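Here is a friendly walk through one model, with an eye on helix packing and salt bridges. Keep the structure open beside the text as you read.

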Amino acid sequence: MSFFKKLKEKFTQDLHPNLQEQKEGEEKEEIEADPSSEYDQPLGGETEVAPAEEQVNEEVQEEEADSFDETETYEEEELEEDDGEGEDFEPESVEEESIADKFRKGLAKTRNSFSSKINDLVARYRTVDEDFFEELEEVLISADVGVNTVMEMIDELQMEVKRRNIKDTQKVKEVISEKLVEIYYGDDDAGDIEGLTENPDGLTIYLFVGVNGVGKTTTIGKLAHTLKKEGKKVTLAAGDTFRAGAIDQLDEWGKRVGVNVIKHSEGADPAAVIYDGIQSAKSRQADVLICDTAGRLQNKVNLMNELSKVKRVIEREVPGAPHEVLLVLDATTGQNAMSQAKTFSEATDVSGIVLSKLDGTAKGGIVLAIRNELDIPVKLVGLGEKVTDLETFDAHAFVYGLFADMIDEYEEDEENEA
């Protein structure tokens with residue numbers, strides 16, 4: 001079976017039936033639920049605590065939280081009081097998109113640019129020769145795939161084309177898509193590098209790093225929403241004390257998403273904030289603590305010392321933590337994102353990349369450059385502005401989104417030939 005056909009079947013036959021089952025299950029739950037209010041259930045769908053038990057729990061939590069004089073928290077039920085202004089925070093519709101649909105929409109700019117250049121190249125060359133590969137090299141570099149990655153990919157493409165004895169340039173498109181997936185995963189198993197690591201024995205801690213302006217705080221808010229929707233109890237720690245705006249922004253996300261926020265005043269010791277965040281998360285029996293950090297690079301030495309101190313505090317309080325050190329990069333900055341990734345990976349043990357604003361760039365190939373040249377997996381991608389537009393990265397879904405139009409054309413050609 002051709003690679004295009006495998007992708008088509010994977011994302012139109014496997015995902016959509018599951019989505020239909022999910023819709024049917026949600027519709028059934030709606031019928032059984034009390035129709036008096038559509039906000040009766042928290043975002044994660046978890047069962048609400050009985051009033052008496054809830055009151056006892058809150059009293060215990062308040063007593064335990066008294067020791068954190070400089071902190072402020074928000075109970076998870078607070079979201080129900082939110083007026084829901086802003087489309088990002090409206091209740092989820094059962095018309096939920098599949099992962100493939102999200103990647104297809106989110107990669108529209110990259111696909112339109114990349115596909116048009118590939119199609120133009122294929123149209124101008126009838127045979128696969130050296131000149132064809134030279135121009136293909138330029139197309140891949142212009143998509144920010146990265147020079148080293150492109151050179152490696154071109155070599156592998158040439159060998160594969162020769163092995164399969166491919167003469168028709170139309171057939172090369174499918175080989176390109178196949179090699180993109182292979183280059184991303186390399187020798188790793190897909191299951192080993194996709195998704196976030198969790199602590200099976202207690203509190204999971206995610207440490208977010210990255211320069212200012214890349215969408216770090218927004219990404220944290222979106223991840224908190226996603227985790228809460230999965231039924232997890234989440235706490236946020238506003239460790240970016242360098243800017244009051246960062247504290248206020250995370251504070252607002254906490255209110256809107258309905259999760260606890262631990263914060264100190266501007267200029268406070270970030271490590272102290274994270275320490276209090278850990279103690280609060282433990283006392284409230286939270287499942288996940290997400291820590292924000294400062295992102296200034298103009299004084300790199302101080303910043304990196306600060307991050308090292310934060311990391312030591314986390315390791316001391318929760319052995320084995322942080323379970324992920326996630327570097328947020330703005331996909332629209334292209335090769336500048338690569339430079340940031342190198343700087344942070346030298347100073348901290350970055351375990352995964354979160355690529356924000358992937359929907360806003362025509363150069364989505366940066367995903368492959370980061371993975372191949374830095375050997376750091378892309379864990380999450382931002383595919384839009386909505387709170388639900390943060391997705392676990394899937395190289396197959398990425399390639400499907402990149403080649404969706406070509407796959408549709410391939411299917412039409414097959415039907416016409418039949």
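## Where α13 meets α14

This is a predicted model, and a helix pair makes a good place to start. Gln335, Met338, Ala341 and Lys342 are the residues that α13 brings to its contact with α14. On the α14 side, they meet Ile366, Ala369, Ile370, Glu373 and Leu374. Sorted by class, the residues of this contact are six nonpolar, one polar and two charged.

As for the geometry, α13 spans residues 335-347 and α14 spans residues 366-374. Their axes come within 10 Å and cross at roughly 30 degrees. An angle under 35 degrees counts as roughly parallel, so α13 is roughly parallel to α14. The crossing of α13 past α14 is right-handed.

## A second helix pair: α9 and α10

Now turn to α9 (residues 216-229), which packs with α10 at an angle of about 20 degrees. The axes of α9 and α10 are 10 Å apart. That angle makes α9 roughly parallel to α10, and α9 passes α10 in a right-handed crossing.

From α9, the contact takes in Thr217, Thr218, Ile220, Gly221, Lys222, Ala224, His225 and Lys228. Their partners in α10 are Ala246, Gln249, Leu250, Trp253 and Val257. By class, the contact of α9 with α10 has six nonpolar, five polar and two charged residues.

## Salt bridges, pair by pair

There are 22 salt bridges in the structure. In one of them, the side chains of glutamate 135 and arginine 124 meet at 2.6 Å, N to O. Glutamate 135 belongs to α5 (residues 130-142) and arginine 124 to α4 (residues 108-124), so this pair ties together parts that are 11 residues apart in sequence. Are the two partners buried or exposed? Glutamate 135 is partly exposed, with a relative accessible area of 24%, and arginine 124 is also partly exposed, at 45% relative accessibility.

Helix α10 comes back into view with the next pair. Aspartate 251, in α10 (residues 244-257), forms a salt bridge with lysine 263, and the N to O distance is 2.8 Å. Lysine 263 sits in the loop between β3 (260-262) and α11 (270-283), and the bridge links parts of the chain 12 residues apart. Both aspartate 251 and lysine 263 are buried.

## A shared network and one more pair

Some salt bridges share partners, and in this way Glu156, Glu160, Arg163, Arg164, Glu178, Lys179 and Glu182 are joined into one network.

Another salt bridge is found between the side chains of glutamate 230 and lysine 232, at 3.3 Å, N to O. What is the relative accessible area of lysine 232? The value is 19%. Buried means under 20% relative accessible area, so lysine 232 counts as buried.

## The chain as a whole

Stepping back, the chain has 15 helices and eight strands. Of its 418 residues, 50% are buried.

How much of the contact in the chain comes from residues 24 or more positions apart? Among contacts with a separation of 6 or more, such residues account for 78%.

Note on methods: Residues numbered from 1 in each chain as written. Predicted model: local features only at pLDDT ≥ 70, side-chain atom pairs only at ≥ 80, totals over all residues. Heavy atoms only, no water. Axes fitted to C-alpha atoms, helices over the stretch in contact; angles between N-to-C directions. Helix = DSSP H or I, 4+ residues; strand = E, 2+ residues; numbered from the N terminus. Parallel < 35°, antiparallel > 145°, perpendicular 65-115°, else oblique. Left-handed = near helix turned anticlockwise from the far one by under 90°. Contact = heavy atoms within 4.5 Å. Nonpolar A, V, L, I, M, F, W, Y, C, P; charged D, E, K, R; others polar. Salt bridge = Lys/Arg side-chain N within 4 Å of Asp/Glu carboxyl O. Buried < 20%, exposed > 50% of the residue type's maximum accessible area, 1.4 Å probe, protein only.
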